[in-house]
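I open this notebook to record, entry by entry, what I looked up in the structure shown below.

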Amino acid sequence: MKKSQLLYLHLFFWFLYFVRETIDFSFSIKKIDKLDVIFTVTFFITNFSCFYINYFWVVPKFFDLNKTYKLVIGYFVSVLCFVVIRYSVEETLLPFFFGIRNYAEGTGLTYYFYDNIYFSFIAIFVSTVLCVFKIYSRTEEEKNKLITEKKNAELQALKTQINPHFIFNSLNNIYSLVYQNSEKALPAIEELSRLLRYSTKDLEKPVIPLEKEMGYIESLIALESLRIKNPELLVVEKNIRNPSQGISPMLLVPFVENAFKHGDFRNKGFKLKISDEKGSLHFYLQNYKNNRSKDDFSGIGIENVRKRLEILYPVHQLSIHENESEFVVDLTITFPHENH
């Protein structure tokens, strides 16, 4: 809650207080004299002082729902503050300066304390409610801030995992081309250079346009197709109606990367379909598996995407189907409204 909103609540309470006192004053007193004005002012001073002593000190110090005894002690401390302030003003200062007092002379402290439990209730109750509301709002703000910072830190860590993994796979491919003295090695290095320029520039951003993510994928396919005998078997169907739709960078690329890394492209290809509708994206990828042994890093990219989807796009459906011969990824993302 903003400070201005909390200030308005305080002003509203004191506005109601004066309205109530004015109405009571009008109906209970037929003729206004100096004593009535003095006692009304001193009662306001007592309420005002008790209200903010309770608000700024008693509640922050004693309010604890898990410890009932602290709540009880806090309440009686607030009442005691009210009693001490009122007694000091009306039964000490007024008799000394004006020779008047509110209660009859000789009134016992026990009765005085008991009587003022009633008169102090409104100031104590309202100030407690407002203070608890302030504490709760501040706690929620701090909690949300910590959650946001934790998510941002986690996302940054996840995104930095992608880049080394991606570079590792691409360098393996280029190494193979160089080892074979292939004329495709230089174009492959150029494609990798273009991909690295994309990734180093955009990984720090929370979102990038969908068309740029598609650029990553198309560059990756172009890079990988250099080592494939039949690149025409790589079927890509895209139907992007809103290319400016924001998406977390390198969110879809790991699926394509994984397909190339572990797919069988000797006489087979893969099928990739990407389409979007208003507020959602559908990603479908099917490739044939290479049954040769896999390295220890095979699961990093997919698990990375799973975690990022849980954090960024809680409304999503990810289905990964795998059998002996093929691997299928079917992903539907519903974008948050602020990204539309």
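**Entry 1. Salt bridges.** I began with Lys-289 and Glu-322, whose side chains meet in a salt bridge with an N to O distance of 2.8 Å. I note at the outset that the model is a predicted one. This pair links distant parts of the chain, 33 residues apart: Lys-289 sits in the loop between β5 (280-288) and α9 (300-312), and Glu-322 belongs to strand β6 (residues 316-322). I then looked up how far each partner is covered. Lys-289 is buried, at a relative accessible area of 16%, whereas Glu-322 is partly exposed at 43% relative accessibility.

I asked how many salt bridges the structure holds. The count is five.

Another of them joins Arg-101 to Glu-91, with 3.0 Å between the closest N and O atoms. Arg-101 lies in the loop between α3 (68-97) and α4 (109-119) while Glu-91 lies in helix α3, so the bridge ties together parts that are 10 residues apart in sequence. Glu-91 is buried, with a relative accessible area of 8%; Arg-101 is partly exposed, with 32%.

I also recorded the bridge between Arg-306 and Glu-303, where the closest N and O atoms are 3.4 Å apart. Both residues lie in helix α9, three residues apart, which is about one turn of the helix. In general, an α-helix has 3.6 residues a turn, so residues three or four places apart point the same way. Arg-306 is partly exposed at 31% relative accessibility, and Glu-303 is partly exposed at 42%.

**Entry 2. Strand β6.** I returned to this strand for Ile-320, which lies in it. Ile-320 is partly exposed, with a relative accessible area of 26%. I looked up its C-alpha separation from Asp-330, which is 10 residues away along the chain, and found 6.4 Å.

**Entry 3. Cysteines.** How many disulfides does the structure hold? I found zero. Why is Cys-50 not bonded to Cys-81? The sulfur of Cys-81 is the closest cysteine sulfur to that of Cys-50, but at 6.4 Å it is too far for a bond. Cys-81 is likewise in no disulfide, the nearest cysteine sulfur being that of Cys-50. For reference, the cut-off for a disulfide is a sulfur-to-sulfur distance within 2.5 Å. I checked the cover of both residues: Cys-50 is buried, with a relative accessible area of 1%, and Cys-81 is buried, with 18%.

**Entry 4. Aromatic rings.** The structure holds 31 aromatic pairs. I traced one cluster in which ring pairs link Phe-13, Trp-14, Tyr-17, Phe-18, Phe-44, Phe-48, Phe-51, Tyr-52, Tyr-55 and Phe-56. I looked separately at Phe-119: Arg-86 lies over the face of this ring, 5.1 Å from the ring centre.

**Entry 5. A nonpolar patch.** I looked up the surface patch made by Phe-12, Phe-15, Leu-16, Val-19 and Ile-23, which is nonpolar and covers about 460 Å². Phe-12 lies in helix α1 (residues 3-28). At 47% relative accessibility, Phe-12 counts as partly exposed.

**Entry 6. Helix α8.** Is helix α8 mostly enclosed or open to the outside? I found that nine of the 10 residues of this helix (residues 253-262) are buried, so the rest of the structure largely encloses it. The buried residues of α8 are Val-253, Pro-254, Phe-255, Val-256, Glu-257, Asn-258, Ala-259, Phe-260 and His-262.

**Entry 7. Positive phi.** Most residues other than glycine have a negative phi. I therefore noted two residues with a positive value, beginning with Met-250, whose phi is near 60° although the residue is not a glycine. Met-250 lies in the loop between β3 (246-247) and α8. At 3% relative accessibility, Met-250 counts as buried.

The second entry under this heading is Asn-181, with a positive phi of about 55° in a residue that is not a glycine. Asn-181 is found in the loop between α5 (121-179) and α6 (185-202). Is Asn-181 buried or exposed? Its relative accessibility is 70%, so Asn-181 counts as exposed, whereas Met-250 is buried.

Note on methods: Residues numbered from 1 in each chain as written. Predicted model: local features only at pLDDT ≥ 70, side-chain atom pairs only at ≥ 80, totals over all residues. Heavy atoms only, no water. Patch = residues over 30% accessible without salt bridge, like charges linked within 9 Å, V, L, I, M, F, W, Y side chains within 5 Å. Areas by Shrake-Rupley, 256 points an atom, 1.4 Å probe, with all protein chains shown as cover. Salt bridge = Lys/Arg side-chain N within 4 Å of Asp/Glu carboxyl O. Helix = DSSP H or I, 4+ residues; strand = E, 2+ residues; numbered from the N terminus. Buried < 20%, exposed > 50% of the residue type's maximum accessible area, 1.4 Å probe, protein only. Phe/Tyr/Trp six-rings, centres within 6.5 Å; stacked < 30°, edge-to-face > 60°. Lys NZ or Arg CZ within 6 Å of the ring centre and 35° of its normal.
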